[in-house]
There are 2 protein chains.
Amino acid sequence: MKFLYLIILGLLTTSSFSQNDSTFIRSIYNTALSEGKAYNDLKSLCKDIGARITGSAEAEMAILWGKQKMESYGFDKVYLQEITVPHWERGTKEAGWVKDEYNSIKKVNLLALGGSIGTNGTIEGELIEFSSLEELKKASKKDVEGKIVFINQVMDEKHIQTFKAYGGCYPVRGSGAVEASKLGAIAVIIRSLGIPVDEHPHTGVMQYNDSVNKIPAAAISTLDAENISLWLKKEKANFVLEMDCRNYPDVKSYNVIGELTGKNANNIITFGGHLDSWDTGEGAHDDGAGIVHTLEALRILKELNYKPNNTLRLVFFMNEENGNRGGQDYAAWAKSRTKENHILALESDRGGFAPRGFNMDGTPEQIAMLASFAPIFKEYDLHIFEKGYGGVDISPLKESFEGIPLVGFVPDSQRYFDFHHSPNDVFENVNKRELELGCAAIAAMLYLFDQNL
Amino acid sequence: MKFLYLIILGLLTTSSFSQNDSTFIRSIYNTALSEGKAYNDLKSLCKDIGARITGSAEAEMAILWGKQKMESYGFDKVYLQEITVPHWERGTKEAGWVKDEYNSIKKVNLLALGGSIGTNGTIEGELIEFSSLEELKKASKKDVEGKIVFINQVMDEKHIQTFKAYGGCYPVRGSGAVEASKLGAIAVIIRSLGIPVDEHPHTGVMQYNDSVNKIPAAAISTLDAENISLWLKKEKANFVLEMDCRNYPDVKSYNVIGELTGKNANNIITFGGHLDSWDTGEGAHDDGAGIVHTLEALRILKELNYKPNNTLRLVFFMNEENGNRGGQDYAAWAKSRTKENHILALESDRGGFAPRGFNMDGTPEQIAMLASFAPIFKEYDLHIFEKGYGGVDISPLKESFEGIPLVGFVPDSQRYFDFHHSPNDVFENVNKRELELGCAAIAAMLYLFDQNL
């Protein structure tokens, strides 16, 4: 077996890249690590703009910020794509309490889920706990009717990739209100989709369904979920909820687009992140990191005087969090530009952590090309080059352009759900070097695709 | 080329491990991630004991703590190995100021370097800056004599592995005092060996040399270094330094040892981390993480009822930071036990970050065995299985046992020098999942070596 492994290692270290490729990629990394602008750009997005939910004044400011940044870096074209987006607001009243039969009261940390209706004053109901969405689905109407459902489904920390743990709980947030309402519940509160047991609630989008009543939905912190669960093991309790969040009519908004024009100007490589965030924290990892990753990647390629073969089109997508209208409208608009030939899309929306590699949603041949880049990234500590998901914003491109490969940047996932959609997703929780290494990895990958497609 | 890569990928995913191996390693990870004790053990070491420099009361308490932990986990043998260690104390006075000719004064954040003499009251001298140790070596005595040397050597952030950047600056801390003294300087201050520009000074060991006068040595924060450098570009300045640190006679101390006895009891696999730390912060990453990584690895193997082929000997080494007497005395003691056959040693001393793999100081055949374990770790996101350094504590074993392979655990290095040897190396800066994944990786690697050696 030893002999076999030595052969394989020998083959893998034989790369087909030129000295020029290696030198250019080293320049990309040097620029990102020693003269990078990503960290300060992220600070500006987080502190000068802040949380920027779709339809808010902050989102408008973020559009201006993005356009101005792209212009200041001298990209060949900078423009806005008008789109129509949903508009939900949290409002100003948002609180919840647990109350036992002797009126012992404890306030909990909660956030309304995105899209939820308000409570129209205060509502109160007996709490009924389910350990999972599946358990709730099996319950009977007589047990649930008139009560407030508490779904205490724990993210499975045994998954190595935290996104798998998230995927397992995602339906709780998306469908919890519909399932609880089917059984006559008056509201639903869920355990936050976060891994640590701490005081931060995590919001995120939820859905209603026209066939059942809409009921208010909120997420409580994992620590409150643990405590309430202990409480309910000893005695009954009521939950008191007040929220004045609501949905408003759709409004106008924009994707922000910047380009370096390619020698083959109509061959398009689209890449970017999403400019909107939830309305808590600062959207630093989600997806401020993706915005500055991709902004910095294009800035570095331009600074190194790179002349792309294909047009490198950077898109700051609006409304990933609660509608994906930016992604949908971009794909439709791109399809309407009949001269354009869309050859690849790449997205960063998994946080600003140390890079591990790239996933691709593509054919075996396309994935083999991605995998063939692995040797050149070995010295940069990247090792994942395999089949996987591209990203929410770029996913509609698959409908518009059959066979387009979609590439997702893969940073280390261990800490992502400490911060995701919570007040804790702030600039201070992004590490400068980890962020910069992501910018360099993305710039290098864009370069390699541009050279090889 | 595509075809070739598909073949290689095919070969790499064909592993020679049994289903039992895979199942057992999955159990290790499940235990670490869902019923782990490492995070709470680290909290206890950091908060109940705190910083624990060799020779201090805290170091004594840490020895008790370690012995008690090992006993509480029911290892087959738990005992202390008596050793003699150096004893240096920071004392109570430690401060520095920059002062210009108009007596404008600015206090700086500094830490005496470990082993430095004190100032015997306050000393003051004109500051003379050098951008590197090499530049200092080229200076002339007339420029330096009677002054305080400031070595402002920046860690090269362009290195992908931060330990390489550290290696480049290590001689500044180790030899700065000797080189400055050769030219008649009265003290030396160095820019801290830390990557971020922030307010935390980073201490660490320094050396004197009998051929030149001993002068006091301290590290200032990277932020102060940047500011002083700007100041000195405009005008001259003095530095005022007071430190009452000093060296005391050697004292008695201990390595703490716990074992699971193997079927071949005299075949020994030694593994561990170092129990001492610097006397600032809490020694959380350096090397509380290594202590709980290896403690938890043995606890998990025992909890899973694993009966090792070889004796698994866990050593909490004392005095890695300023002498390595624990490592040296352990190696000498092991050699004196003539019936013992030392087959491998493994160390964790690079922080509690997400695992990337393992390095080995060994023969090509030994390294090929390490590399042959790579496929089984793929699903756990580890990818480094190659030649490299083992660790300071286990390095003396190489002299005692010719040909013994030394294995170093490799976590992600990006954030390590944000914390290393600074007040910032506290429990709160260790992530629970990242720590637990390290414990599991080490337990799995011990299992594989135990099965295959």
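In this predicted model, A:Ala32 lies in helix H2 of chain A, the helix that covers residues 19-34. Its surroundings are a convenient place to enter the structure. A:Ala32 has 29 other C-beta atoms within 10 Å and is therefore buried, since a count of 20 or more is what the term requires. Apart from residues up to four places away in sequence, A:Ala32 touches A:Glu296, A:Ile300, A:Glu436, A:Cys439 and A:Ala440. One of these partners, A:Glu436, stands 404 residues from A:Ala32 along the chain, yet the two C-alpha atoms are separated by 5.6 Å.

A second residue of chain A may be set beside this one. A:Ser181 belongs to helix H7, which comprises residues 162-182 of chain A. The C-beta neighbours of A:Ser181 inside 10 Å number 22, so this residue also counts as buried. When neighbours within four places in sequence are left aside, A:Ser181 is in contact with A:Val212, A:Asn213 and A:Ile215. A:Leu111 is 70 residues from A:Ser181 along the chain, and the C-alpha atoms of this pair are separated by 19 Å.

From these two sites the view can widen to chain A as a whole. Chain A contains 15 helices and 16 strands. Of its 453 residues, 55% count as buried. Among contacts in chain A with a separation of 6 or more, 82% join residues that are 24 or more positions apart. The C-alpha trace of chain A spans about 75 × 60 × 40 Å along its principal axes. Its radius of gyration is 23 Å, which agrees with the value near 22 Å that a compact globule of 453 residues would have.

Chain B offers a pair of helices to examine. Helix H3 of chain B takes in residues 38-49 and helix H4 of chain B takes in residues 57-72; their axes come within 10 Å and cross at roughly 150 degrees. Because angles over 145 degrees count as roughly antiparallel, H3(B) is roughly antiparallel to H4(B). The crossing of these two helices, H3(B) and H4(B), is right-handed.

The residues that form this meeting can be named on both sides. H3(B) contributes B:Asp41, B:Leu45 and B:Ile49, and these meet B:Glu58, B:Met61, B:Ala62, B:Trp65 and B:Lys69 of H4(B). Sorted by class, the contact of H3(B) with H4(B) has 5 nonpolar and 3 charged residues, and no polar ones.

Terms used: Residues are numbered from 1 along each chain as its sequence is written. Chains are lettered from A and ligands numbered from 1 in the order in which they are written. This is a predicted model: local features need pLDDT of at least 70, side-chain atom pairs count only at pLDDT 80 or more; totals for chains, interfaces and linings use all residues. Axes are lines fitted to C-alpha atoms, for helices over the stretch in contact, and angles run from 0 to 180 degrees between N-to-C directions. Helices (H or I, at least four residues) and strands (E, at least two) are DSSP runs, numbered from the N terminus. Angles under 35 degrees count as roughly parallel, over 145 as roughly antiparallel, 65 to 115 as roughly perpendicular and the rest as oblique. A crossing is left-handed if the near helix is turned anticlockwise from the far one by less than a right angle, and right-handed if clockwise. Two residues are in contact if their C-beta atoms, placed from the backbone, lie within 7 Å. Ala, Val, Leu, Ile, Met, Phe, Trp, Tyr, Cys and Pro count as nonpolar, Asp, Glu, Lys and Arg as charged, and the others, Gly among them, as polar. The radius of gyration is taken over C-alpha atoms; the globule rule is 2.2 Å times the number of residues to the power 0.38. A residue is buried if 20 or more other C-beta atoms lie within 10 Å of its own, exposed if 12 or fewer, and partly exposed in between; C-beta atoms are placed from the backbone.
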